[in-house]
Amino acid sequence: MSELRLGLAQLNPTVGDLLGNSQKILQAAKNCAFQEVSLLITPELSLCGYPPQDLLLDPLFVENCQTALHHLALRIPPKIGVLVGTIFPNSDWWQTGEKPLFNGAALLLDGRIRYTFYKQLLPDYDVFDEHRYFQPGAQVNLLRWQGVRFGVTICEDLWNDEQFWSGKRYPQNPVPALIERGIDILINMSASPYWQGKSALRESLLGHCARQYQVPVIYVNQVGATDQLIFDGRNLIFDAGGQVMHRGRGFTQEVQTVTYDQGQWQNTRLQNPPEPWAEVGQALGLGIRDYVHKSGFQRVVLGLSGGIDSAVVAALAVQALGAEQVLGVLMPSPYSSAHSVTDALALAANLGIKTEKIPIQNLMETYAASLNPLFQGYASDVTEENIQSRIRGDLLMALANKFQALVLATGNKSELAVGYCTLYGDMCGALAPLGDLFKTQVYALARWYNEYTQLRGETALIPAHILTKAPSAELKPGQTDQDSLPPYAVLDDILHRWLSERQTPAQIAQAGHDPVLIERVFQLVQRAEFKRFQAAPVLKISERGFDRGWRVPNVAQPPRHNLPLNP
Ligand SMILES: Nc1ncnc2c1ncn2[C@@H]1O[C@H](COP(=O)(O)OP(=O)(O)OC[C@H]2O[C@@H]([n+]3cccc(C(=O)O)c3)[C@H](O)[C@@H]2O)[C@@H](O)[C@H]1O
Ligand SMILES: Nc1ncnc2c1ncn2[C@@H]1O[C@H](COP(=O)(O)OP(=O)(O)OP(=O)(O)O)[C@@H](O)[C@H]1O
Ligand SMILES: NC(=O)CC[C@H](N)C(=O)O
């Protein structure tokens with residue numbers, strides 16, 4: 001085997017933007033051709049972007065993908081082979097009862113589609129839905145290329161390692177059939193969404209695969225965000241011993257060229273993984289940026305309350321979009337503390353963002369004047385509290401309409417879990433950047449921002465008082481979150497054990513929590529499904545969040561403990 005130059009294109013496609021995505025692949029191909037790369041590898045579905053979801057049910061979309069692929073083939077520079085992730089019609093599907101499409105890859109060379117490869121293992125757990133659209137491929141995906149035998153796999157194809165998982169996830173496994181053919185290198189074209197801990201899992205899974213089969217593995221992942229899903233890139237190369245030889249950058253588009261010669265990798269680079277909270281900040285920054293820009297916007301507005309949630313969302317928005325694109329709106333009510341305004345202004349000054357102040361007392365009074373005749377004989381309650389929250393949501397939407405902006409919702413995972421948030425009030429927004437962070441994690445991210453800025457010799461980004469004061473919605477005099485909820489450290493631990501660790505109430509009680517409180521938290525979560533049903537999309541950063549992988553019926557009787565079998 002002679003020396004081989006390979007290009008690894010960690011691209012950020014926009015779903016459905018076939019021309020823009022083609023342009024990105026073409027640019028990568030031109031750059032690589034210039035560097036005498038012979039094979040360029042792109043991520044899964046790099047032409048249409050991942051996940052295209054029900055766009056795949058539109059015949060025009062399928063046709064456009066085919067056209068775009070042929071046009072791209074014609075424009076690729078000569079001699080370089082380009083592996084493009086794309087869909088293929090399954091011509092027999094009508095007669096056979098199969099699914100209408102394949103998820104696959106095309107090897108483009110000298111103006112033609114030379115070879116095609118189909119994905120065999122189709123995930124449909126959590127956020128994935130591939131069986132809805134795709135027929136699993138059955139062929140052995142072998143690519144002979146300049147004397148080298150490559151095995152081509154697509155994302156999930158490598159995720160059925162029986163030894164790694166101590167069991168099968170699917171009845172079949174495409175890898176052994178490739179190994180039997182005597183491949184030199186295993187390629188994985190991927191679109192693997194981020195969650196905390198995922199990259200370590202990928203590294204150990206892929207490393208295990210390389211070691212087990214004694215074959216080098218090249219992993220090329222999508223980067224960028226599609227709605228709630230953030231793709232972190234972080235391409236990888238393993239040698240045949242399972243050692244990481246290359247670790248691409250996270251959360252940014254890049255094309256890396258590497259050389260493979262007699263089993264040795266050259267030109268590779270080992271990027272150190274970032275600190276955990278730096279990584280979350282990068283992920284959420286990318287999630288906000290891509291959601292806003294790919295939706296055709298530049299600016300965001302959010303309510304600044306002087307609290308921790310809005311402070312962290314504002315910091316993330318500045319990191320994502322730049323300070324000039326972020327507007328913080330202070331909307332004090334008669335119940336707002338003086339520090340809600342001073343803390344919000346101190347934060348805005350640190351971030352360098354513009355603020356506007358719209359006191360809401362007049363609007364509250366106007367609402368009261370209209371509603372009070374109807375409410376005669378009823379005590380003031382949460383109804384009036386919610387009106388304040390809704391006035392704020394309405395004002396933010398008005399600013400968004402007028403100034404071509406999106407509203408960022410500031411709610412966190414703890415609030416969304418137990419329903420401690422107001423429909424059409426503080427839940428209003430285009431995107432909920434913190435919706436997958438428990439409140440205690442919001443504090444941890446804020447502390448990280450402060451440590452990071454202080455290490456650079458700058459003022460702590462989030463004013464200290466925002467971190468130390470008791471969380472409060474300030475919707476009635478003297479209110480704090482802990483009037484209605486257990487301490488966040490306790491609440492979050494119960495939620496984490498239940499939602500993320502899938503522990504039973506008995507297991508959570510064994511960890512030292514009060515069984516009565518556990519039952520209350522479970523009921524709160526179950527009763528709040530209707531709120532999550534209408535909530536702004538949450539950026540996914542955990543393995544189990546309130547994202548599109550959370551599919552719980554809204555109108556339903558939740559499971560009960562101690563089910564009475566003889567009612
Ligand atoms: N199954 C279902 N499907 C659809 N809708 C359903 C429903 N069940 C009730 N509803 C509707 O939802 C209403 C109750 O929900 P909602 O109107 O949100 O009001 P609600 O949940 O009663 O009150 C909001 C809670 O959020 C708290 N909070 C905490 C932090 C910040 C903020 C803030 O706003 O800044 C608020 C606030 O203290 C209060 O406890 C019901 O009156 C009913 O109309
Ligand atoms: N006085 C206010 N001015 C502007 N926006 C507000 C005000 N009060 C609340 N909001 C908006 O409503 C959201 C929810 O309020 P809430 O008080 O629950 O959150 P927070 O203040 O950010 O954090 P914390 O839970 O620590 O108080 C805020 O994040 C903010 O966007
Ligand atoms: N696109 C895919 O097949 C992704 C599935 C895979 N298990 C992952 O998350 O990395």
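These are my notebook entries on two ligand shells and one sheet in a predicted model.

**Ligand 2, who is around it**
I started with ligand 2 and looked up its neighbours: 22 residues surround it. The closest ones are G303, S305, G307, D309 and T410. I then sorted the shell by class and got nine nonpolar, eight polar and five charged residues.

**Ligand 2, which elements contribute**
Next I asked which elements supply at least two residues each to this shell. They are β16 (299-303), α8 (308-321) and β17 (326-330). I checked which of them gives the most, and α8 comes out on top with three residues.

**The sheet behind those strands**
Since β16 and β17 turned up in the shell, I followed them into their sheet. It is an open one with four strands, ordered β18-β17-β16-β19, and the pairing is parallel. At the edges I found β18 (354-357) and β19 (405-407), each pairing on one side only. From one strand to the next, the twist averages 25 degrees.

I zoomed in on β16 and β17: they share four bridges, in the parallel sense. L302 stands opposite G328 of β17.

**Where α8 sits**
How does α8 run relative to β16? I read off about 170 degrees to β16, with the helix lying across both β16 and β17.

**Ligand 3, for the record**
Last, I listed the residues around ligand 3: E44, P123, C155, E156, W159, A191, S192 and P193. By class I noted five nonpolar, one polar and two charged.

How values were computed
Residues are numbered from 1 along each chain as its sequence is written. Chains are lettered from A and ligands numbered from 1 in the order in which they are written. This is a predicted model: local features need pLDDT of at least 70, side-chain atom pairs count only at pLDDT 80 or more; totals for chains, interfaces and linings use all residues. A residue is near a molecule or strand if its C-beta atom, placed from the backbone, lies within 6 Å of it. Ala, Val, Leu, Ile, Met, Phe, Trp, Tyr, Cys and Pro count as nonpolar, Asp, Glu, Lys and Arg as charged, and the others, Gly among them, as polar. Two strands pair if DSSP finds at least two bridges between them. Axes are lines fitted to C-alpha atoms, for helices over the stretch in contact, and angles run from 0 to 180 degrees between N-to-C directions. Two residues are in contact if their C-beta atoms, placed from the backbone, lie within 7 Å.
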